[in-house]
Amino acid sequence: MAEKIVMPQLGESIAEGTIVKWLKKPGDSVKKDEDLLVISTDKVEAEIPAPSTGTLLSIDVPEGETVNVGTVLGYVGEAGEKSPGGGGGGGGDAAPKKEEPAPAKKEEPQAAPAQKSAPAQSTPAPSAPSSTSAGRFVSPLVRRIAADNGIGDDELNSISGTGNNGRVTKKDLQNYIKNRGSAPAAAAPQPSASSSSSSFTQSAPTRPSAPTVQIPAGQRELVQPASSMRKVIMKNMVASKATSAHVHTFFDVDYTNIDRIRAKHKKAFKDQEGVGLTYTTFLAAATAQVLKRHPYINAEIRGTDLVFKKDVHLGMAVAIDSPEPGLMVPVVRAADQMNLRGLAHAIHDLATRVRSRRIKPDELSGGTFTITNPGNYGAIIGTPVINQPQVAILGVGRIQKEPVVKQVDGTDVIAIRNMGVLSLGFDHRLIDGATADLFMADLKTTLENWTTEP
Amino acid sequence: MSETYDVVVIGSGPGGYVAAARAGALGLKTAVVEKDKALGGTCLHRGCIPTKALLHAADVYGEFKDAAKMGIVADGVRVEWEKVQKHKNQVVSSNAGGVSHLMKARKVDVYNGFGRLEGPRTVAVKAEDGSETKLSTKNVVLAVGSKPRELPFAKFDGKVVMSSDHILQVEKIPGSLCLIGGGVIGIEFASLFARLGTKVTVLEMLPQILGPADADCAKALTRELQRQGVEILTEVKVTEVKNKGNSATTTYEDSEGRAHTVDTEIVLVAVGRPPLTEGIGLDTTKATLGRGGFVDVDGMMQTAEPGVYAIGDCVNTPWLAHIASAEGLIAVEHIAGEGPAALNYDHTPSCVYSEPPVAWSGLTEAQAKEQGYEVKIGKFDFAKNAKAAILGKKRGFVKFVTDAQYGEILGVHIIGPQATDLLAEPAYAMSMETTIQDVATTVHAHPTLYEAIWEAASIAAGRAVHG
């Protein structure tokens, strides 16, 4: 009896996936739970295991195609069995005669019912129109204006619409074009994605290295298609700049207090917990605590509504370098309810699994605020891009000893202190300068007067 | 406090009852409060429905009179006004019954009495006998409507000086009628009575009748009404109405300041409809009133008081039943968390049931130019449309106002046979943001009136056939 291989539901918010690579050919024998193919969603790549032991009978969705969750991708059965999918392959012969991959077959008739029966298939709530729902209706007028302004389908899909069912109206597109044109003037130019959103977990052994590219001898340039992760990053970065009125504010922070606590517990902590007690742990703890007092920073703009979040779900930007350089933002849920030990474990666990590609898509969504750490590579500070639909992002600059003029008993003295700069990238649509600075001042005071020990 | 509702709707007009029915269907515990005896509001009892019932009688009478031209001779055709009124009243009462039935079907509780807010979460309903019921609710939709405006020098007596409410009940066809106000309401009555033999004079303050209509349509309708014997005076200012018991003398000044008078059996004042927002307890909430006493709302029809919504004639949007309904749906869908899209008022239709009828949606040619569009007009006369010739209704046109750059349909203006129904296609095209090229390349059946839409679109798209 042939068994279906279906596009799995990798998370609540995932509606479709792309076939990156089939690891087996039709006719190959497979073991149950052996990796059959690699798929990617807009959040992660994942290996899909064989549903049972037998022979891969057919490949019904070829590499590169994007299909809905629940779509039948192929069949595994007994050698010689005919595939019910009718996709190309080794029906009748265990050894495939063709070297080429099986011909593509459109899956629509089967995809529809399969999709209906898929569990936990959540239809997007109309109140929060998905800004990335591909394939939504685009009116002829919007299409013409988009074409005239060099806006492609992907970019159109990234614009949030105010029309029926979240449709992008002429006005939405005009606003988008207008804001797109003026956004860069509002903030300092963005050096690059990686300098603004870098790795955490200074202790992690797999710290990314500078990406390298081999340009073949005799060629002047190397052209390669962007990976799905890179496409998502490209889309998200531009969409964020187009959506939010980015502004940045900078505060210097004296970490001497925290450094003292850290130095005192570092070794014992590592021995007991198995993970490092990093500055990041303290920063996450302080940020989560301070966010509770500043609801405007832990918020979202949904259409014309302002949405304030009770939960603090902290996104932690993590740089990866394998199989290619990139960036992901796993989320520490309910960070405000964790102590330093809990946070240290949660951050380490997420960062490790991001790098080993074992992160689940749901762990990459739902953040209410993000922390990114360009200082990890020595940057004084960065001007990070807001992780939509959040309204603010904290950038952490390098921390180093610096001479600081302090007043002791009425006399100015030069002291050696552990100093670093924090930046807050915030959405000026919702957050006024004063609101942002009050949050930052609170965060600075909290960090400088930190007393909680792990 | 007897009950706790999810929504209490105050007013059961086309905004209120539609909102209540939808709220019921969405599973919200809903009540509707109505001060009149029957449900349906102005639209059903004193507006759209009764006027159109009377106007249809005039249409039928006109058809009989014109039929001889195509060889159908009906002798002795006459109007029996009491029966016309009776037909109208039957239409109204059967529709009101339908509204009551709908409320029952959707499990909406109906309270008779005057509804007033006592704070944002309580509605006090004062019944005719003076007893008061208090309803506790999570949300309120104010759909309290409007009433005819009275002029200080022309007090309504219901016999000689009338509002639209009064004239709908008039017992006989008046010999002469002076209309103060040449807007949509006034013009429909002018068209009704002129065709029934009344000598009608229209006094309009602005340079054209049908205020918001495209100038070409207003001009064409002026010509048609004048052909039917209506006297239309624009840019005049009424200064006095002398009610003499059986007739009235209306004094007006022309644009040069010269005074004139007109004697008529009836004076109909149709100069707008102020909102009925007094005494409804808005001051017990954070909701605010703007200019003209209209309730201030956002795109979701919500006032400054969360949970208190206002729709229809009591907010500053066009006085149209279908707009009130659309707004009511937005309000209750927002309450239910359905995430409705805000109404785009550039895409809402307006209809005048005169003869010939007029209908439009979107910007007029003048408005489009004012907003800086590079305007391209496509206009096609019904005189060149075969079906219009067959019907013997060759007067009028379809006019598209489009943007030359992207082919956006900015506005459409129709005057002529079935204009109010013909509007459907271009109004849908606009709301879907199709371009004029899409309309021009859609095959339209022959012979139909709506071929005129295709012809006008083709002209605007630069591929005219007969135009």
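In strand β5 of chain A, E47 of chain A (A:E47) stands opposite A:V38, a pairing taken, like everything described here, from a predicted model. The strand β5(A) spans residues 45–49 and pairs with β4(A) in the antiparallel sense, with five bridges between them. On the β2 side, A:V38 has another bridge partner, A:K21. A:V38 therefore offers a handy point of orientation, since β4(A) is joined both to β5(A) and to β2(A), given that strands count as paired once at least two bridges are found between them.

The contact between β2(A) and β4(A) can be followed residue by residue. Strand β2 covers residues 16–22 of chain A and strand β4 covers residues 35–40; the two run antiparallel and are joined by four bridges. Beside the pair formed by A:K21 and A:V38, A:W22 has A:L37 as its bridge partner in β4(A). As a reminder for reading such pairs in the viewer, side chains in a regular strand alternate between the two faces of the sheet.

Stepping back, these strands belong to an open sheet of four strands in chain A, ordered β5-β4-β2-β7 and paired antiparallel. Its edges are formed by β5 and β7 of chain A, the latter at residues 66–68, and each of these edge strands pairs on one side only. On average, neighbouring strands of this sheet are turned by 40° against each other, direction ignored.

Further along chain A comes a helix with a clear division of its residues. Helix α2 of chain A runs over residues 140–148, and its buried residues include A:L141, A:V142 and A:A146. These three lie on the same side of α2(A) because they cover an arc of only 130° around the axis. The face turned away from that buried side bears A:A147 and A:D148, which are exposed. Just after the helix, A:G150 adopts a positive phi of about 65°.

Chain B can be summarised at the level of the whole chain. This chain has 467 residues, of which 49% count as buried, and its secondary structure comprises 14 helices and 20 strands. Where do its contacts reach along the sequence? Among contacts in chain B between residues at least 6 apart in sequence, 63% join residues at least 24 apart.

Definitions and conventions. Residues are numbered from 1 along each chain as its sequence is written. Chains are lettered from A and ligands numbered from 1 in the order in which they are written. This is a predicted model: local features need pLDDT of at least 70, side-chain atom pairs count only at pLDDT 80 or more; totals for chains, interfaces and linings use all residues. A residue is buried if 20 or more other C-beta atoms lie within 10 Å of its own, exposed if 12 or fewer, and partly exposed in between; C-beta atoms are placed from the backbone. Two residues are in contact if their C-beta atoms, placed from the backbone, lie within 7 Å. The arc is that of the directions from the helix axis to the C-beta atoms. Axes are lines fitted to C-alpha atoms, for helices over the stretch in contact, and angles run from 0 to 180 degrees between N-to-C directions.
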